[in-house]
Amino acid sequence: MNQIVFTAWVLLFPAACTTLGAAGVFLLRRQSRPCTQRILCGMAAGIMLAASVWSLLLPAIQRGQTLPLPAWIPSAVGLVLGAVGLLQVEQFAGQLLAGGAGHGGRMVLAVTLHNLPEGMVAGLAAALALTGEPDAISGALALSLGIGLQNIPEGAAVSLPLAHNGRTRSQAFFAGAASGLVEPLGALLAFALAEWVSAALPWLLSAAAGCMVCVTAQEMIPQTVEGDEPAGVVSIVLGFALMMALDVAL
């Protein structure tokens, strides 16, 4: 029973934190000033850029050192493939992920893809912890806690811009919460197939980073710097610093 509770906590806590962050949309006034919208969007952009580096690329490089290839190859190739793949998905999905009624879909997709390999990392950590080694158990708990705390601003990074782009608060909240649902799915997959998933993680992590960098450059940074470039740039830096501090501290 203790093993079941432990495993469930490690696998589900990060997704719950994403939902908590998405709920931040209910704390905002229905109509915000354009300056406030730019600052929030810039903070979200900085959070996503920092998450792509510390949560994805650096772990991908570290895990890539165990492969027969040079460690930079999976990270660099995966980064490019992730960005190009997202652009191709947008091209085929058309209105669903581009402008108009589907505006903001790219951000939801990018964060969702980013959460999948993060969930796989948590699943692998849980599988190692069940061996009973004290270091593996404490490491799995710390990893799940760290990913969860990082997911709070990421959930807000999805829901807040959607609310400002015309979605209702409920729609924005459910989109932000849904972006975290793939995390326990990825964790369960990695938990069941720990030996096979471990070798592919450097590619998956870096591809998710490519998606996040792509959508941030496409959709969020232009909105942030339009009209008031200094305030937009400062908000991006602040968001980057917040996410960087969470990643380094945890």
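## A first look at an all-helix model

Let's begin with one residue: Ala207 touches Gly78, Leu79 and Gly82, leaving aside residues up to four places away in sequence. Ala207 sits in helix α8, which covers residues 194-225. The model you are looking at is predicted. The protein has nine helices and zero strands, and 45% of its 250 residues are buried.

**The overall picture**

- Reading from the N terminus, the elements run α-α-α-α-α-α-α-α-α.
- Take the contacts between residues at least 6 apart in sequence: 85% of these join residues at least 24 apart.

**Two residues of helix α8**

- Is Ala207 buried or exposed? Its relative accessible area is 22%, and buried means under 20% while exposed means over 50%, so Ala207 counts as partly exposed.
- Ala207 also has a distant partner along the chain, Ser75: the two are 132 residues apart in sequence, yet their C-alpha atoms are 7.8 Å apart in space.
- Ile221 is another residue of helix α8.
- With a relative accessibility of 27%, Ile221 is partly exposed too.
- Which residues does Ile221 touch, not counting those up to four places away in sequence? They are Ala45, Leu49, Thr216 and Ile236.
- From C-alpha to C-alpha, Ile221 and Met43 are 9.9 Å apart, although 178 residues separate them in sequence.

**Where helix α1 meets helix α7**

- Helix α1 (residues 2-22) packs with helix α7 (residues 182-192) at an angle of about 145 degrees, and their axes are 8 Å apart.
- The crossing of these two helices, α1 and α7, is right-handed.
- On the α1 side, the contact is made by Thr7, Leu11, Leu12, Pro14 and Ala15. On the α7 side, the residues are Glu183, Pro184, Ala187, Leu188 and Phe191.
- Sorted by class, this contact of α1 with α7 has eight nonpolar residues, one polar and one charged.
- Thr7, which belongs to helix α1, is buried, because its relative accessible area of 12% falls under the 20% cut-off.
- Beyond residues up to four places away in sequence, Thr7 touches Leu130 and Phe191.
- Val182 is found in helix α7, and it touches Thr112, Asn115 and Leu116, again not counting residues up to four places away in sequence.
- Val182 and Gly119 are 63 residues apart along the chain, with 7.5 Å between their C-alpha atoms.

**Helix α9 and its two sides**

- How far apart are the end C-alpha atoms of helix α9 (residues 229-249)? They are 30 Å apart, which agrees with the 30 Å that its 21 residues should span at 1.5 Å a residue.
- The buried residues of α9 are Gly232, Ser235, Ile236, Gly239, Met243 and Asp247.
- Why do these buried residues share a side of α9? They cover an arc of only 105 degrees around the axis, so they lie on the same side of the helix.
- As background, an α-helix has 3.6 residues a turn, so residues three or four places apart point the same way.
- The other side of α9 has exposed residues, namely Pro230, Val237, Val248 and Ala249.
- One of the buried residues of α9, Ile236, is also among the residues that Ile221 touches.

Notes. Residues numbered from 1 in each chain as written. Predicted model: local features only at pLDDT ≥ 70, side-chain atom pairs only at ≥ 80, totals over all residues. Heavy atoms only, no water. Axes fitted to C-alpha atoms, helices over the stretch in contact; angles between N-to-C directions. Helix = DSSP H or I, 4+ residues; strand = E, 2+ residues; numbered from the N terminus. Left-handed = near helix turned anticlockwise from the far one by under 90°. Contact = heavy atoms within 4.5 Å. Nonpolar A, V, L, I, M, F, W, Y, C, P; charged D, E, K, R; others polar. Expected span 1.5 Å × (residues − 1). Buried < 20%, exposed > 50% of the residue type's maximum accessible area, 1.4 Å probe, protein only. Arc of directions from axis to C-beta.
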